[in-house]
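Colleague: Got a minute to walk me through this one? I'd like to go over the strands and the ligand site.

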Amino acid sequence: MILVSACLAGIDCAWDGKNRAALEIRELVDKKLAVAICPEVLGGRTIPRMRTEIKDGSGDDVLNGRANVYDENGKDVTGEFLKGAYAALEIAREYHVKKTILKSKSPSCGIGKIYDGSFEGDLVDGDGVTAALLKRAGIVCQCA
Ligand code: SF4
């Protein structure tokens, strides 16, 4: 079983209440080859919600307690991101997931590059919080 970002599967769970559907991801879910999850919703974030970014670090730094996630008003939402990441890991274990396809640049799902915390659209190297946790668990993470 593959774990995929729910917004890529066509579920309206992105911060703006829309999806980021990718046909091939949707087909994987329709054929029951993939399970779709939204870590931010699992962590208690609403739909729609304010944009959020990791400031001064990456998802790995958040897991290590060295960086936090903030919304556009400067509210610290790190707890929700950690809760969502661990809930995603639990689901991955339940389904014996070995591979994920996650949404690029997200502070939760991003792999390799994420927004830099300025809300200006700039990117830095690093993974989102959930992607970093799934990688630590030995799950292969690919972005779309
Ligand atoms: S947390 Fe992941 S699955 Fe949820 S909307 Fe953001 S990128 Fe998509």
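Modeller: Sure, terms first: two strands pair if DSSP finds at least two bridges between them, and helices (H or I, at least four residues) and strands (E, at least two) are DSSP runs numbered from the N terminus. It's a predicted model, with local features needing pLDDT of at least 70, side-chain atom pairs counted only at pLDDT 80 or more, and totals for chains, interfaces and linings using all residues. Residues are numbered from 1 along each chain as its sequence is written, and side-chain values use heavy atoms, with hydrogens and water left out.

Colleague: OK, which residue in β4 is the bridge partner of K55?

Modeller: N68. Strands β3 (residues 52-55) and β4 run antiparallel, joined by four bridges.

Colleague: And the ligand, which residues come nearest?

Modeller: C7, C38, E40, K103 and C109, out of 14 around the ligand; being near takes a heavy atom within 4 Å.

Colleague: What's the class make-up of that shell?

Modeller: Eight nonpolar, three polar and three charged. Ala, Val, Leu, Ile, Met, Phe, Trp, Tyr, Cys and Pro count as nonpolar, Asp, Glu, Lys and Arg as charged, and the others, Gly among them, as polar.

Colleague: Is E40 buried or exposed?

Modeller: Buried, at 9% relative accessible area; the cut-offs are under 20% for buried, over 50% for exposed and partly exposed in between (1.4 Å probe, protein chains only). E40 lies in helix α2 (residues 39-42).

Colleague: Switching to T130, where does that lie?

Modeller: In helix α5 (residues 129-136). T130 is buried too, with a relative accessible area of 1%.
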